[in-house]
Every structure is written in structure tokens, then in C-alpha cells.
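I sat down with this model to look up a few things before going back to the bench. My entries follow in the order I made them.

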Amino acid sequence: MFETVLFNIIKALSSVFEIVFAFILLSSFFDKKYVSPWPQRVAFVLSAGIMFALQETGRIGEFKVLAEILLVLVISFTVYTGKKRDRVVFLLAFSLMLALADIMSAFALSWIADRAPFLERDAFFFRLLNLELPYLIMLAAVLLLCGFIRRKSEHIEFRYWIMLLTVPAITIITLTVFQFALQSLPEDEQIHNYIYAAAAGLLFITVLVFVLFSKLQNQLAIVRDNQEMKLQMDLQKQSVEKMETAYNHTRALRHDLKNHLRCLNGLLQSGDYDGARAYLKTMQSDIEDATYFAVSENSAVDAILNEKLLEAQNQQTNLRFEVASLKNTRANAVDLCIILSNALDNALEACAKIPDVEERFITLKITESPESLVISVVNPVEKEPVRRGLTFVSTKKDGANHGIGLKSIRSTAEKYRGEVLARCEQKRFTLLVRLNFPEDSQKEQKTGQK
């Protein structure tokens, strides 16, 4: 009697284990849509109640997998934020984990039954093991996958996830064939041992692929961080050099100011007004070349903006800035420079193709809030850019680097779970880049600054 009651209690609790695993994985894959924890709690209670009701009505075997996948899909859209393709990857991964846990459990129970014939299948221990072993395997897989995800500074690209998921998919297919072979062969066949060993080896290889890929990702992340640090140092060096050059030039102008004034006074006294105007124009050009604009209070970003401003002046393009202070921005300076450099290069290239210099302009706006940073670049175009799918393709002359700038902007925005929007209306191109700062990211960055 006691064993029956205990078994039923454990069975009732087990009906929600996979929902718990699903929420753990969802929290690792995606960011929460709401600041309040109550939407997540309500979703968990409802989904757990549905799974419990299915089990108590005796239909858990018929609708278990379908119900779980549908519930996870609905929860991923209502409680968490993320791209549709990322949700597809998650559902594939979760489904493969469910199938792999069930198959590995069947293999393990078959091996135990062969090695312990005295253990009856109706015994309490065997029934309990048959019930809980898939969840134990699932727990191990969840812990492995969560650790794998949390060590990544960036989310793995979609194509790499698909490649990774083919490994457990092939493992499931192979194990299914092995299981069919076990059922077809006589129980005393020696080949059973080889099949069990092959199944264990195949599972080991599957885990090893994820571990090795994780290590490789860590190494690549270190290389990428070093490259970003080097780029940031180069940008800082360029910024300091430009400020130093501008300062020295300004000192020279101040030193020669008396001579300039004396020369102008002489030209005016002699009535050479054209010469005086020409002299003033030369002085104005020299002063403008020596001026360094502190636009954003971020030295790396200011270096980029001053460089692009000079390029715009040289090609007779009116470049206008409306930039918020980025002194305490949560965005990485290198990432901002990558976005601004590519966006302004594309805009300058488009403006250079416009014959009428009076129509050449670029408007750059940068706004920041505690939740996000938005960069907007507007410029005219002579011809509308080529559109492929939902995005535009850059019209660079170098075919090998075709569209690299927009791809770099998109990949950088993805690091912040942001988005890139581009549209072209009436020969006016608008690029909008949004970088999001999730609450967890803000806390981590604040802690890092301390």
C-alpha cells in the first residue's frame, strides 16, 4: 500500500519535470519579455497543470510529446523575447533531448534487465527506475546544454546550431536501429554486449562534440576579444594623435596671430580688400582643419566622427550630427565604431555618386536610454540599392567585399539582441540600428565597472 501511494506521488510530480527543464532551457536561450516574474510563474503553473491533468486522465502517452512541444512554443512567444528562427532551433533541441532521453533510458533498462534477471519488471524499484531514468538523463543533458550556452559571450549562429543538432539527431536514428536489432536478436547473443558498447560510445561522441565545440568557441572568443582590444587601442591612439595634432596646430595659429593681424591690417590700409578676403579665407580653412569636435564625449567614437566629417567636407557633403552623450554608454566603443564606420562609409559612397553637391547630405542621430541605444543615418541615393529578401545589398565597387558593411552592422547588432532596419523611399535611404540593453546585461556591466 505504501509503495503504491509513494509511486503515485512520484509519478504525479514527474509529470512536470520536463516543463521545469523547458523553463530552465528557455531562460538560458532567451531573455524574459517582462520585468515582473509573475507572467513566467503563471505560465509555469498553467503548463504544469495541463501536463498533470493529461497524466491523471490516462492520456499522457498519447499527447505527451505534442502537448509539451505546443506548450513550449506558446511559452517561448508569450513570456520570452527572441527571433523566430531561434525558437525553431530551441524546439528542435528540446524535441531531440526528449527523444534521446527516452531511447537512452530504454537502452539502460534493457541492459539492467539482461544483467539482473532476478529483478522483476513489476518490482517497485524497476518501475520507479523506468519512470525516473528518462528525467535523470534529461537533467544531465539540460545541465550540459545550459553550461554550454552560458559560457558563450555571444549566441551561436543559426547555421552552427543546425550543424550541432544533426549530431544528436543522427545519434537518435542510430540508437533506434540498435534497439530494433536488440529486439530481433536472441537474448543470449554475444552481439548484445557490442551493441550496448556501441551505444555508450555513440553517446560519448555526441557529448564530446558539444564539449569540443564549446572549447573551440571559447578560444575563438578570446581571439575575437584580443582583436577588439587591439582595434580599440588603435582607435584611441588615432583619437589622441588627432587631438594632439589639432592642439599643436592651434598653438601655432595663436603664436602667429599677431603676424596675421598685422598682415590683414596692412592689406586693409592699402585698400587691397580682395587680398584681405583671400587671406581670411585661408586662415578660416586652416582653423577648420585644426579643429577637433568633441561630439559624443567618447574619444573612440569622436575619432570616427571627426574622420568622417573631414571626408564629407572633402567631397562636399553636408554631414550633420545630433548625438547624445556616450560618455557612460553601455555599448562597447568598438561595436559603436564598427556600426558608425560602416554606416557612414556607405552613406558617403552614396552621396559621392550624386552629381549636384547641393543635394548631398548625411544626417546622423544617436539617442540613448537605459534600455537601448538607437543610431539613425539618413542620406540621399542616386539609384535605389538592390534589395534581396528583407534587406538591402551594399553597392560597393569591390565585388569581393559586396555587402560586407551591412553584414558587419547586423552581426554587431545581434550581440545586443538588437535589430537593423533599412528602407529607401523617394531616393532617400534610412538606416536604423537599435542596440538593446537587457536588465541582466546592465547589472553585469555595472558590476564589471565597479
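**Entry 1: a lysine in a helix**

Is Lys-308 buried or exposed? The model is a predicted one, so I read every value below as computed from it. Lys-308 counts as buried, at 6% relative accessibility. I then looked for its partner. The side chain of Lys-308 meets that of Glu-311 in a salt bridge, with N to O at 3.7 Å. Glu-311 counts as partly exposed, at 31% relative accessibility. The two residues are separated by about one helical turn, because they sit three residues apart in helix H11. I noted the general rule here: an α-helix has 3.6 residues a turn, so residues three or four places apart point the same way. The pair is also part of a network. Salt bridges with shared partners join Lys-308, Glu-311 and Asp-345.

**Entry 2: the helix around it**

I stayed with H11. The helix has 16 residues. From first C-alpha to last, H11 reaches 23 Å, close to the 22 Å expected at 1.5 Å a residue. Next I listed its buried residues. Among them are Ala-300, Val-301, Ile-304, Leu-305 and Leu-309. Asp-302 and Asn-306 are buried too. Just after H11, I found Gln-316 with a positive phi of about 60°.

**Entry 3: other salt bridges**

How many salt bridges does the model hold? The count comes to five. I looked up Arg-277 next. Arg-277 forms a salt bridge with Asp-274, and their closest N and O atoms are 2.3 Å apart. Both residues lie in helix H10 (residues 273–290), three residues apart, or about one turn of the helix. Arg-277 counts as exposed, at 53% relative accessibility. Asp-274 is exposed as well, with a relative accessible area of 54%. I also checked Lys-353. Its side chain meets that of Glu-349 in a salt bridge, N to O at 4.0 Å. Lys-353 counts as partly exposed, at 34% relative accessibility.

**Entry 4: the nonpolar cores**

Which residues have the most contacts inside the largest nonpolar core? I found Ile-375, Leu-431, Val-433 and Leu-435, in a core of 40 residues. Several elements each supply at least two residues of this core, including helix H11 (299–314), helix H12 (333–352), helix H13 (404–414), strand E5 (372–380) and strand E9 (428–436). H12 gives the most to this core, with 11 residues. I followed Leu-435 outward. Leaving out residues up to four places away in sequence, Leu-435 touches Ala-331, Leu-336, Ile-339, Glu-371, Ser-372, Leu-373, Ala-413 and Tyr-416. There is a second, separate core of 31 residues. Leu-25, Val-79, Leu-91 and Met-97 are included in that second core.

**Entry 5: helix H2**

Leu-25 sent me to helix H2 (residues 17–29), where it is one of the buried residues. Phe-21, Phe-23, Leu-26 and Phe-29 are among the others buried in H2. So is Glu-18. The helix has 13 residues and reaches 19 Å from first C-alpha to last, close to the 18 Å expected at 1.5 Å a residue.

**Entry 6: a buried asparagine**

I looked up Asn-379, which is found in strand E5. Asn-379 counts as buried, at 4% relative accessibility. What does Asn-379 touch, not counting residues up to four places away in sequence? The list is Ala-347, Ala-350, Cys-351, Phe-361, Ile-362, Lys-427, Arg-428 and Phe-429.

**Entry 7: a nonpolar patch on the surface**

I turned to the outside. Leu-144, Phe-204, Ile-205, Val-207, Leu-208, Val-211 and Leu-212 make a nonpolar surface patch of about 580 Å². Helix H8 (residues 191–255) gives the largest share of the patch, six residues. Val-211 has its place in H8. Why can Val-211 belong to a surface patch? Val-211 qualifies because its relative accessible area is 31%, and the cut-off for patch residues is over 30%.

**Entry 8: the whole chain**

I finished with totals. The protein chain has 14 helices and nine strands. Buried residues make up 37% of its 450 residues. The accessible surface comes to about 26,600 Å², and 60% of that belongs to carbon and sulfur atoms. Of the contacts between residues at least 6 apart in sequence, 71% join residues at least 24 apart.

How values were computed
Residues numbered from 1 in each chain as written. Predicted model: local features only at pLDDT ≥ 70, side-chain atom pairs only at ≥ 80, totals over all residues. Heavy atoms only, no water. Patch = residues over 30% accessible without salt bridge, like charges linked within 9 Å, V, L, I, M, F, W, Y side chains within 5 Å. Areas by Shrake-Rupley, 256 points an atom, 1.4 Å probe, with all protein chains shown as cover. Helix = DSSP H or I, 4+ residues; strand = E, 2+ residues; numbered from the N terminus. Buried < 20%, exposed > 50% of the residue type's maximum accessible area, 1.4 Å probe, protein only. Core = buried A, V, L, I, M, F, W, Y, C linked by side-chain atoms within 4.5 Å. Contact = heavy atoms within 4.5 Å. Expected span 1.5 Å × (residues − 1).
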